[in-house]
Amino acid sequence: MEAMVYLFLLPVFYLFFLLWKFIDGKRDQECYMLDYQCYKPTDDRKLSTEFCGDMIRRNKSLGLQEFKFLLKAIVNSGIGEETYGPRNVFSGNETHPSVLDGVSEMDEFFNDSIEKLLDRVGVSPSEIDALVVNVSMITTAPSLAGRIINRYKMRENIKAFNLTGMGCSASLISINIVQNLFKSYKNMYALVVTSESLSPNWYTGNDRSMILSNCLFRSGGCAVLLTNKRALRHRAMLKLRCLVRTHHGAKDESFGCCIQKEDDQGRLGFFLNKSLPKAATRAFIDNLRVISPKILPVRELLRYMVASLVRKMYQNSKGGGKVVINFKTGVDHFCIHTGGKAVIDGIGKSLELTEYDLEPARMTLHRFGNTSASSLWYVLAYMDEKKRLKKGDRVLMVSFGAGFKCNSCMWEVARDLDGGNVWKDCIDSYPPESLSNPFMEKYGWINQEDENTFEEKMKEIDEAKALKLR
């Protein structure tokens with residue numbers, strides 16, 4: 001009889017063991033963000049209104065119509081005059097950039113942010129198990145990842161990934177790579193380094209679809225330290241809940257809406273097509289379809305389904321308004337890519353967000369500009385410095401990138417965050433009373449000129465400038 005009992009209990013215990021092993025293994029696959037460090041370039045790299053005007057006048061291929069277009073674009077961009085540019089534009093060398101210009105720009109960021117991050121967390125470079133670097137617009141040999149490994153003398157068995165060409169959505173692609181690594185390896189430290197190299201990519205032609213990128217993109221970067229060590233979860237700032245990637249590269253219109261190319265005169269730049277808003281909307285909608293069931297409560301999904309069904313049944317009757325899903329039922333904070341004022345406005349309208357929800361993205365765009373893939377972390381840092389992020393809060397990150405891609409993820413705040421980041425020196429002045437920049441006040445006269453008077457005016461400005469420098 002006892003033998004029969006043992007025969008019965010043995011498979012039961014084995015099933016419990018397998019279940020425990022599965023659950024325990026899942027716990028080791030969690031992705032925790034220990035800390036992050038946004039890059040703040042030195043003040044001598046700030047793009048003031050006066051300097052931007054001087055830099056634009058250096059481009060002799062621009063005429064009156066291009067000046068009017070640039071004035072309108074800059075005034076409506078939502079970008080302030082404390083953003084940062086690459087050093088070669090300050091030396092007047094943007095027309096003939098070198099590989100060294102791009103590499104030096106990256107070294108300046110690496111040496112600042114990576115060191116600050118590792119020192120603050122107390123992790124040695126030799127303890128890093130995985131390194132993921134994403135810088136879209138520069139390719140070097142050895143890679144930038146190899147450059148970091150050499151600079152910090154990291155281990156020879158480190159798992160290194162170097163991503164290029166992924167655009168503004170590359171940060172979440174890097175996080176996804178780390179997330180997948182954590183499913184296969186226990187007790188890892190992973191360092192994600194995200195930035196963009198503007199030095200070799202500052203457009204010096206007169207194609208309006210390419211010169212627009214000069215008005216939007218600015219220098220920046222971020223280093224992020226992640227782990228799946230269970231023993232460190234109490235030190236974590238955020239815990240990754242889910243991540244969804246959407247890629248519309250198979251659609252020709254989406255693929256070609258933003259692309260690096262040469263203009264008719266052979267000048268390299270980044271082309272932004274008029275179909276970009278349409279491509280972004282399609283990718284955003286498809287991405288939301290996938291991530292919504294993962295982050296929203298069942299009651300909201302049921303409400304949306306019922307409301308949509310009722311609207312379909314009575315779509316011909318009067319007063320049938322659009323049914324919108326309420327993302328605030330599952331999201332506390334919205335971390336939106338600062339692709340431009342139109343991008344922020346579009347997402348806000350689609351998700352019916354308030355100005356409070358959009359404030360972090362708007363302020364980041366104004367203070368730092370579009371720093372490409374790293375912009376999400378500046379938005380997060382704004383929320384952090386404003387003491388908005390409390391334990392248990394849910395943060396939705398949304399990014400867009402060339403390809404065309406839309407990536408999103410949900411983080412859960414693991415503990416109350418108390419700031420002390422890249423915003424600490426200026427957070428008290430945000431939000432300002434007005435986001436308008438002084439370009440219209442200083443250069444509004446351009447709109448009143450014709451071709452003849454414009455040339456005379458420009459000569460007068462250049463002569464006055466030369467006289468001032470003597």
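This is a short walk through one protein model, from the overall fold down to a few single residues.

Hi everyone, thanks for coming. One thing to keep in mind throughout: the model is predicted.

Let me start with the whole chain. The protein has 16 helices and 11 strands. Its radius of gyration is 25 Å, close to the 23 Å that the globule rule gives for 470 residues, so the protein is as compact as a globular protein of that length. If you prefer box dimensions, the C-alpha trace spans about 110 × 70 × 45 Å along its principal axes.

How much of the protein is buried? Of the 470 residues, 52% count as buried. The surface that the protein exposes comes to about 22900 Å², and carbon and sulfur atoms supply 55% of that area. For those of you who think in electrostatics, there are 64 positive and 56 negative charges, and their mean positions are 7 Å apart. As for the contacts with a sequence separation of 6 or more, 80% of them are between residues 24 or more positions apart.

Now to the strands. Strand 1 covers residues 32–38, and seven of its seven residues are buried. Which strands does strand 1 pair with? One partner is strand 5, residues 221–227, in the antiparallel sense over six bridges. Another is strand 6, residues 238–247, again antiparallel, over two bridges. Tyr32 is a nice residue to click on here: its bridge partner in strand 5 is Thr227, and in strand 6 it is Lys239.

Next, please find helix 14, residues 375–385. This helix is mostly covered, with 11 of its 11 residues buried. Among those buried residues are Trp377, Tyr378, Asp384 and Glu385.

Helix 14 also takes us to Cys335, which sits in strand 9, residues 333–336. Why do we call Cys335 buried? Its relative accessible area is 0%, and the cut-off for buried is under 20%. Leaving out residues up to four places away in sequence, Cys335 touches Leu376, Val379, Leu380 and Met383, as well as Val395, Leu396, Met397 and Val398. Cys335 and Met410 are 75 residues apart in sequence, yet their C-alpha atoms are 9.8 Å apart in space.

A quick stop at Asn176, in helix 7, residues 170–182. Asn176 has 13% relative accessibility, so it counts as buried. Beyond its neighbours within four places in sequence, Asn176 is in contact with Leu243 and Arg245.

Let me finish with the backbone, for the torsion fans. Where are the cis peptide bonds I want to show you? One runs from Ala141 to Pro142, with omega near -5°. Pro142 belongs to the loop between strand 2 and helix 6. Another runs from Gly403 to Phe404, with omega near 10°, and Phe404 is in the loop between strand 10 and strand 11.

Then there are positive phi values outside glycine. Glu352 has a phi of about 55° and lies in the loop between helix 12 and helix 13. At 54% relative accessibility, Glu352 counts as exposed. Lys387 has a phi near 60°, and its loop runs between helix 14 and strand 10. Is Lys387 exposed, partly exposed or buried? With 38% relative accessibility, Lys387 counts as partly exposed.

That's my tour. Thanks for listening, and I'm happy to take questions.

Technical notes: Residues are numbered from 1 along each chain as its sequence is written. This is a predicted model: local features need pLDDT of at least 70, side-chain atom pairs count only at pLDDT 80 or more; totals for chains, interfaces and linings use all residues. Side-chain values use heavy atoms; hydrogens and water are left out. Helices (H or I, at least four residues) and strands (E, at least two) are DSSP runs, numbered from the N terminus. The radius of gyration is taken over C-alpha atoms; the globule rule is 2.2 Å times the number of residues to the power 0.38. Buried means under 20% relative accessible area, exposed over 50%, partly exposed in between (1.4 Å probe, protein chains only). Contact means heavy atoms within 4.5 Å. Accessible areas come from the Shrake-Rupley method with a 1.4 Å probe; for residues, only the protein chains shown count as cover. Lys and Arg count as positive and Asp and Glu as negative; His and the chain ends are not counted. The place of a charge is taken as NZ of Lys, CZ of Arg, CG of Asp or CD of Glu. Two strands pair if DSSP finds at least two bridges between them.
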